[in-house]
Amino acid sequence: MKYVNEEKINNLLADSVKLDSSGLDIILNKAKSLKRLTLKESAVLLLVSDPQELQKIFAAASFVKDAIYGRRVVLFAPLYISNLCANSCLYCAFKSDNPLIKRRALSIPEIEEETRWLLGRGHKRILMVCGEQAPKGITGIRYYLEAVGAIYSAKVGKNKIKRVNVNCAPLSVDEFKQLKASGIGTYQIFQETYHQETYLRMHPGGPKSDPDNRITAPDRAFIAGIDDIGIGALFGLYDWRFETLGLLSHVEHMEEKFKVGPHTISVPRIEPAEGAALSFNPPYKITDLEFKKIVAILRLSVPYTGIIMSTRENAKMRDELLSLGVSQISAESNTSPGGYSAAESEQAGGQFCLGDHRSLDEIVRTLIEHDYIPSFCAACYRKERTGQAFMQLAKPGTIKGKCSINALITLQEYLDDFASAPVKEAGYKMIGHYFKQLPVQDQEHLKIFFAHVAQGVRDEYV
């Protein structure tokens, strides 16, 4: 598999030795200075098992996350537009040979309807997801382009979707150029597993059976001008230590070739999926403690990246992972095409079982209770702070100031338009608290934004 040297990774894991306290502190202090860790340093952290040393790692990860992004947590919703798929991935309900799920590809009016439902709940950021097969009579890229256009055109009052990220099949450079021109934010694609033998076994049929075509998709997206790329692995298919170093090897490739690392890294665990027997008994089960280590070490190893946590995990785990490095979470998710606006009995098959069923309002309330600022911001994308421009702000942690102000603006909008009474009360109190911590110049600037929000203006940002 390109960009991943399996022998090197195995040697790193075999040769890494247990550090004394001072040796561990050296690595953690480097991470706390917001410098990228080497593969060897990350491998050493992966082998730490002593409870006291693990607490040091977790504390360092929390420090780094706050240093880069502050207390803000970005919220988004996945929008599944199709579960048609040509692949036969052993762990996924969408696999082509699964007769147990109802297949559906949303029409453009249906995509608009789903988007309006999400807007009516308060969402402003969407991850568009689809199975890797186009509906009959239309090419994949044309369907994607029309779907993105439909999402951006939907409105509820003065509220519109601010950013559409896309998770779809690998495309050609020309197709990626068309996707870029449609106005997408991040292009997201997961390698699933970086272990080639496992990859080939888990993907026995369909276009996805070619691991090199999949792993080179981010390269083609970069060449096409999409400079915000999201990568990830599906933990549970192979050894989690190997997968973590595989991800980090991919990060190194991106940085070396394009001078830009991943905008986001996702860390899903396998969850039960209807009709996919393997998903009920993953080959390499990940314990909760191991999962926490993965998130913390990724945060230390790639300080600038956004770490995404989906609603595959239960509410308790998701809340805990916020302190270990997670900076973006989905909320009130549904993995069935048409699943937001349709009655449950009418829904098509979902991709996997969800662990967190809280509403967006409930998640916003929990974030506030834990002193995290819920954010619906998409300012960086719209101010062209993407790719290298974003990295120049994120790597030293200077992005935090802009993130905090924009998070407060979007929170004010959410509270005014959508929040329940208890969330309004807690949210306005939070805004007042963080407003007082800003420099006087920023306070004066924010007062103007808040006045505009009160007058009905939406979607202003710095």
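Two exercises with worked solutions follow, on a helix pair and on the enclosed space of a predicted model.

In this model, local features need pLDDT of at least 70 and side-chain atom pairs count only at pLDDT 80 or more, while totals for chains, interfaces and linings use all residues. Residues are numbered from 1 along each chain as its sequence is written, and side-chain values use heavy atoms, with hydrogens and water left out.

**Exercise 1.** Describe how helix α1 packs against helix α11.

*Solution.* Start with the geometry: α1 (residues 6-15) and α11 (residues 240-258) pack at an angle of about 125 degrees, with their axes 10 Å apart. α1 is therefore oblique to α11, since angles under 35 degrees count as roughly parallel, over 145 as roughly antiparallel, 65 to 115 as roughly perpendicular and the rest as oblique. Next, take the residues in contact (heavy atoms within 4.5 Å), which are E6, I9, N10, L12 and L13 of α1 together with R241, F242, L245, G246 and S249 of α11. Finally, sort this contact by class, which gives five nonpolar, three polar and two charged residues, where Gly is counted as polar.

**Exercise 2.** Characterise the largest cavity and its lining.

*Solution.* A cavity is a set of points on a 1 Å grid where a 1.4 Å probe fits but cannot get out, and lining residues have an atom within 4 Å of a point. The largest cavity holds about 660 Å³ of space. Its lining has 40 residues, of which Y80, N167, F190, R312 and Q351 are the closest to the centre. Two or more lining residues come from each of β1 (72-82), β2 (125-130) and β9 (306-309). By class, the lining divides into 23 nonpolar, 11 polar and six charged residues.

Definitions and conventions
Axes fitted to C-alpha atoms, helices over the stretch in contact; angles between N-to-C directions. Helix = DSSP H or I, 4+ residues; strand = E, 2+ residues; numbered from the N terminus. 1 Å grid on protein atoms, 1.4 Å probe; cavity = no way out; pocket = protein on both sides within 12 Å on 5 of 7 lines; lining within 4 Å. Points joined across faces, edges and corners; volume = space filled by probe spheres on them.
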